Amino acid sequence: MTPPAQKVTPISGFPELLPAERLLELHFLDTVREVFELHGFAPLETRAVEPVERLLGKGGDADKEIYGIRRLAGEDTGRESELGLHFDLTVPFARYVLENAGKLSFPFRRYQVQKVWRGERPQEGRFREFTQADIDVVDVGTLAPHFEAEMPLVIAEAFRRLPVGEFRIQVNNRKVPEGFYLGIGLTDVAGTLRVVDKLAKIGPEKVAAQLVEAGATDEQARQCLALAGIRSEDLSFVDEVRALGVEHPVLDEGLDALAAVIRAGTEQAPGTLVADLSIARGLDYYTGTVYETQVVGNEEWGSVCSGGRYDSLASDGRTTYPGVGISIGLSRLVHLLVTKRGLTASRSTPAAVLVAVVDEDTRARSVAVAAALRARGVPCEVAPSAAKFGKQIRYADRRGIPFVWFPGAGDDGGDQVKDIRSGDQVDADAASWECPAADLRPGVVIPQH
RNA sequence: GUGGGCGUAGCUCAGCUGGUAGAGCAUCGCGUUGUGGUCGCGAGGGUCGCGGGUUCAAGUCCCGUCGCUCACCCCA
């Protein structure tokens, strides 16, 4: 019996890709993973769920975005669900470190690529289920500041290998605005940061108005805006902040730390790191350096990679494990590159060769050819039916498979292989044929405009 | 969570003041009895999101509901 027709609809915020898009995403994943491993980050995966209380209070407003889970058939105890899906990879990692501290060697560096879930309202490039690619370093008691410079530089290396175009990693240190605000007499640091953070979106006038509304004086609001307006690719931001004439020990601390990160950037990857004193975002647990990454020319996409330093996320009460990490929003990045820049994979299947079938009686010969090709690392598939060759070629064409193999097509009864893009067809032997390296795996197609 | 927009073929959409549902693209077939892409001809495919109401008659008007989407919030 055919079941009654039922409407299937996508679920908002839970994107699913077509094969070509997924191949593109896998290319990104492979590249990112390779770079992470080149830098010695150990692979790690944590469970999808954490006790809700461990998730709560870690991400500010993220609290209300946590998905709780329970068994549908479980007894209704009337209690709140005890498990929730993680909303990032840092909080679970911190827990993992505590749990396995005795078995890990510090400083411990790991990478982690997993789905995360946030119950926010979906929008272009904002999902409820998405993949993050995260690197972190944690140490016991204290964490050397040079790691704060290393994180964004690893990301920069990964991005340079990917077709993301020009990008900018913006760096700030929360102690800078914190010390600055305290220095001018504003005690609501978090609230002030939140308002100032909207600067790029709502403009200086509205930010000033909201600051005053929140209790700041006109002069304090003006000072906040002056600080937030400072950005530089070199160390000149330090003097610019000093010129504002505000004194506070926390401010000094922040400026020193930020200067160290920017200095490392100018030395190792000129042009990729920018000190931007308006950057304040990140989850609540960040205590110092924070990062955000924008694709140049598409700043409206928001950050595609961010993170920061956290000093007390992992603590068992006696020992704390400070860390610093940064996370690529892979789903957002790939989705935006696909929909806004037309990026795609060169084909919708890994197969580089379609082995034609002359007739069903000789399918075994085609299967043998495929086996020989696979043995030498050439991804291929055998035609599904012994249809007319025109149809078999079209089968390959529709999928972007570049080569069609014709068993027994040669004058001497040997095989031939056809490059269906050029139409060239030549004698070939499955035991020795060399697939052009560029065609072996699906590539990335970047439309020119 | 708050507010706006939109739900018609696989996709993008048209469908006026209510009158028995259309196009392009895609798919499949044939032209082309074993080498694709072009072209020509043809075919299949729709409970008009769902439920209720008004009406002789609803894709069209009204109410509700669900979904998608955009913005706010927040964030990758």
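Which residue has a polar backbone atom 3.4 Å from a base nitrogen of RNA strand B? To find out, begin with the whole predicted model and work inward from the chain to the RNA, the helices and the cores.

**The whole chain**

Display chain A as a cartoon, where 14 helices and 19 strands can be traced. Along the principal axes, the C-alpha atoms of chain A fill a box of roughly 90 × 60 × 45 Å. Of the 449 residues in chain A, 48% are buried, and among contacts with a separation of 6 or more, 70% join residues that are 24 or more positions apart.

**Around RNA strand B**

Now select RNA strand B together with the 44 residues that surround it, of which Ser12, Arg118, Arg126, Val358 and Phe389 are the closest. Of the atoms of RNA strand B that come within 4 Å of the protein, 49% belong to sugar and phosphate. If you colour this surface by residue class, you will find 19 charged, 13 nonpolar and twelve polar residues.

Three residues are worth picking one after another here. Ala387 settles the opening question, since a polar backbone atom of Ala387 is 3.4 Å from a base nitrogen of RNA strand B. At Gln425, an N or O atom in the side chain is 2.9 Å from a base oxygen of the RNA strand, whereas at Glu124 a backbone N or O atom lies 3.5 Å from a phosphate oxygen. Strand S6 (129-138), strand S11 (305-315) and helix H13 (389-399) are the elements that give two or more residues to the surface near RNA strand B, and H13 gives the most, with eight residues.

**Helix H10 and its cover**

Select residues 249-268, which form helix H10, and place a distance label between the end C-alpha atoms: they are 29 Å apart, in agreement with the 28 Å that 20 residues should span at 1.5 Å a residue. Which residues of H10 are buried? They are Val250, Leu251, Gly254, Leu255, Leu258, Ala259, Val261, Ile262, Ala264 and Gly265. An α-helix has 3.6 residues a turn, so residues three or four places apart point the same way. The cover over the buried residues of H10 includes H4, strand S7 (167-173), helix H5 (175-183), helix H9 (236-242), strand S9 (273-276) and S10.

**Two adjacent residues in strand S10**

Stay with S10, residues 289-295, and select Glu292. Is Glu292 buried or exposed? Its relative accessibility is 4%, and because the limit for a buried residue is 20%, Glu292 counts as buried. Beyond its neighbours within four places in sequence, Glu292 is in contact with Arg168, Ile169, Gln170, Ile279, Arg281, Ser303, Cys305 and Ser306.

Thr293, also in strand S10, is buried with a relative accessible area of 0%. Show its side chain, and a polar atom there can be seen 2.8 Å from the backbone oxygen of Cys305. Setting aside residues up to four places away in sequence, Thr293 touches Phe159, Arg168, Ile169, Gly302, Ser303, Val304 and Cys305.

**The nonpolar cores**

Next, select Phe28, Phe36 and Ile328, the residues that touch the most other members of the largest nonpolar core, which has 77 residues. Helix H4 (residues 146-160) gives the most to this core, with nine residues. Centre the view on Phe36, whose contacts, not counting residues up to four places away in sequence, are Phe41, Tyr111, Ala133, Asp134, Ile135, Val154, Ile155 and Ile328. Apart from this core lies another, of 26 residues, which you can locate by selecting Val353, Ala356, Val357 and Leu373 among its members. In soluble globular proteins, nonpolar side chains tend to be buried together.

**Helix H3 and a cis peptide bond**

For the last stop, select Val97 in helix H3, a residue that is buried, with a relative accessible area of 1%. Not counting residues up to four places away in sequence, Val97 touches Leu104, Phe106, Val138 and Tyr321. Asp139 is 42 residues from Val97 in sequence, yet their C-alpha atoms are 9.7 Å apart in space.

From Phe106, step on to Pro107: the peptide bond joining them is cis, with omega near -5°. Pro107 is found in the loop between helix H3 (90-100) and strand S5 (108-117).

Note on methods: Residues numbered from 1 in each chain as written. Chains lettered and ligands numbered in written order. Predicted model: local features only at pLDDT ≥ 70, side-chain atom pairs only at ≥ 80, totals over all residues. Heavy atoms only, no water. Helix = DSSP H or I, 4+ residues; strand = E, 2+ residues; numbered from the N terminus. Buried < 20%, exposed > 50% of the residue type's maximum accessible area, 1.4 Å probe, protein only. Contact = heavy atoms within 4.5 Å. Core = buried A, V, L, I, M, F, W, Y, C linked by side-chain atoms within 4.5 Å. Near = heavy atom within 4 Å. Polar contact = N/O pair within 3.5 Å; in protein donor to acceptor, adjacent residues only side chain to side chain. Nonpolar A, V, L, I, M, F, W, Y, C, P; charged D, E, K, R; others polar. Expected span 1.5 Å × (residues − 1).
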